[in-house]
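Biologist: Can we go through this model before I set anything up? I'll ask in no particular order.
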Amino acid sequence: MTSEKRRVPAAATTSGPVDFAGAWETIIDDPRNRWSEEASERSFWESHAESYERRFVGDPVGVPILESMLSDGGSVLEIGPGTGRYTRELARLADRVTAVEDSPAMREKLASNLADAGFEDRVDVVANAWERADVDSHDVVVAGWSLYRQPDIEACLERILATADCGFVLVDSPGAVPPHRRIAIADGDELPSPPPRHAYYCGLLADRGVYPTVRIVEKTRERRHETRSGLVTDLLGDSVDDPQAYADALSPWLERDDGRWYYRFTIPAAIITCERGGAGWGTADEYGDPAAFGSTEGIQ
């Protein structure tokens, strides 16, 4: 992949009919979300690192797109690699991978998984949050399910544009509610519904003259536990008043296999991509102030 000179489109306006940044801030500040408090978010991942990959079935979505974008190798910057589901694929495809991960427990599991796959020497891990990390530009920036907790989504996306020399791939939720959440919400639980995060990204990128391609694909997820009641508790903790009734309502998605209980469901995922030089990226003459292209002012 050949890098072009880096250009950062300026925001066209902040007074349009939809205030994506303001709406995003409302979601982030909702106290019902664990990520509204950095300490609770960190605590969650410290306790879930070991079991995290058991939630997924098969390869991560978007691998064929990454294979195309990295057909000639190149460098990749991954935001929030977690335990390395995407990182292992990126290490296979790219010449150099930098992974920015804030959670010590996730970094420990990431290192173990990379060593098991024989990729420990192909990935540099930066121990910090994306908004605070000191990183150079790379050919491709990848963020798989990791931007949901960004306190300043505008600065986050602007930094992605400034850091991606050739393009980016973002994977996130289009707002679909999984079965266990639908049942809990119908039963009166005050859990917030997941927002269509891909729409916020696309709206804010469009303000900056970048119009990415969006693909909606299906992804199978699963949770497993030794007991049926333990599986229900694992899904929603102690927030369910009647675990047995909840398990009965969830029974179409529950299976018993090899002495364990499995909860499996299919849910859509949004893959958001754009490459410099393509029709969706825009040019200095078409969007914003030409003087702003290539500027990283305000990006920390």
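Biologist: To start, is Arg 92 buried, partly exposed or exposed?

Modeller: Arg 92 is partly exposed, with a relative accessible area of 42%. Bear in mind that this is a predicted model.

Biologist: Which residue does Arg 92 form a salt bridge with?

Modeller: The partner is Glu 89, and the closest N and O atoms of the pair are 2.7 Å apart. Glu 89 is buried, at a relative accessible area of 14%.

Biologist: Where do Arg 92 and Glu 89 lie?

Modeller: Both are in helix α4, which covers residues 85–93. They sit three residues apart, about one turn of the helix. An α-helix has 3.6 residues a turn, so residues three or four places apart point the same way.

Biologist: How many salt bridges does the count come to?

Modeller: The count is 15. Another of them joins the side chains of Asp 248 and Arg 228, at 3.3 Å from N to O. Asp 248 belongs to helix α10 (residues 243–249) and Arg 228 to helix α9 (residues 228–236), so this pair ties together parts that are 20 residues apart in sequence. Asp 248 is partly exposed, with a relative accessible area of 43%.

Biologist: Which residues are linked in a network of salt bridges?

Modeller: Glu 222, Arg 224, Glu 255 and Arg 264 are linked that way. Within that group, Glu 255 pairs with Arg 264, their closest N and O atoms being 2.9 Å apart. Glu 255 counts as partly exposed at 40% relative accessibility, and Arg 264 also counts as partly exposed, at 25%.

Biologist: New topic, cysteines. How many disulfides does a search of the whole structure find?

Modeller: Zero. For Cys 202, the nearest cysteine sulfur is that of Cys 274, 9.7 Å away. A disulfide needs the two sulfur atoms within 2.5 Å, so Cys 202 is in no disulfide.

Biologist: Is Cys 202 buried or exposed?

Modeller: Cys 202 is buried, with a relative accessible area of 17%. Cys 156 is buried as well, at 3%.

Biologist: What about the helix around Cys 202: how many of the residues of α8 are buried?

Modeller: Helix α8 spans residues 197–206, and eight of its 10 residues are buried, leaving the helix mostly covered. Among those buried residues are Arg 197, His 198, Tyr 200 and Tyr 201, along with Cys 202.

Biologist: And what do the buried residues of α8 pack against?

Modeller: They pack against two helices and three strands: α1 (20–28), α6 (153–163), β5 (164–172), β6 (213–225) and β8 (260–275).

Biologist: Stay with β6 for a moment. Which residues does Arg 215 touch?

Modeller: Arg 215 lies in strand β6. Setting aside residues up to four places away in sequence, Arg 215 touches Ile 65, Ala 269, Ala 270, Ile 271 and Thr 273. With Thr 273 there is a polar contact between side chains, at 3.0 Å. Arg 215 itself is partly exposed, with a relative accessible area of 35%.

Biologist: How far apart are Arg 215 and Val 171 in space?

Modeller: They are 9.6 Å apart, C-alpha to C-alpha, while in sequence the two are 44 residues apart.

Biologist: Helix packing next. At roughly what angle do the axes of α2 and α5 cross?

Modeller: Roughly 30 degrees. The axes of α2 (residues 38–48) and α5 (residues 104–117) come within 7 Å.

Biologist: Which residues of α2 and α5 meet there?

Modeller: From α2 there are Arg 42, Trp 45 and Glu 46, and from α5 Pro 104, Ala 105 and Met 106. The contact divides into four nonpolar residues, no polar ones and two charged ones.

Biologist: One loop residue. Where is Gln 150, and is Gln 150 buried or exposed?

Modeller: Gln 150 is in the loop between β4 (138–144) and α6. At 2% relative accessibility, Gln 150 counts as buried. Residues touching Gln 150 include Trp 24, Ile 28 and Cys 156.

Biologist: Last one, the overall picture. How many helices and strands does the protein have?

Modeller: There are 10 helices and eight strands. Of the 300 residues in the protein, 48% are buried. Among contacts with a separation of 6 or more, 75% come from residues 24 or more positions apart.

How values were computed: Residues numbered from 1 in each chain as written. Predicted model: local features only at pLDDT ≥ 70, side-chain atom pairs only at ≥ 80, totals over all residues. Heavy atoms only, no water. Salt bridge = Lys/Arg side-chain N within 4 Å of Asp/Glu carboxyl O. Helix = DSSP H or I, 4+ residues; strand = E, 2+ residues; numbered from the N terminus. Buried < 20%, exposed > 50% of the residue type's maximum accessible area, 1.4 Å probe, protein only. Contact = heavy atoms within 4.5 Å. Axes fitted to C-alpha atoms, helices over the stretch in contact; angles between N-to-C directions. Nonpolar A, V, L, I, M, F, W, Y, C, P; charged D, E, K, R; others polar. Polar contact = N/O pair within 3.5 Å; in protein donor to acceptor, adjacent residues only side chain to side chain.
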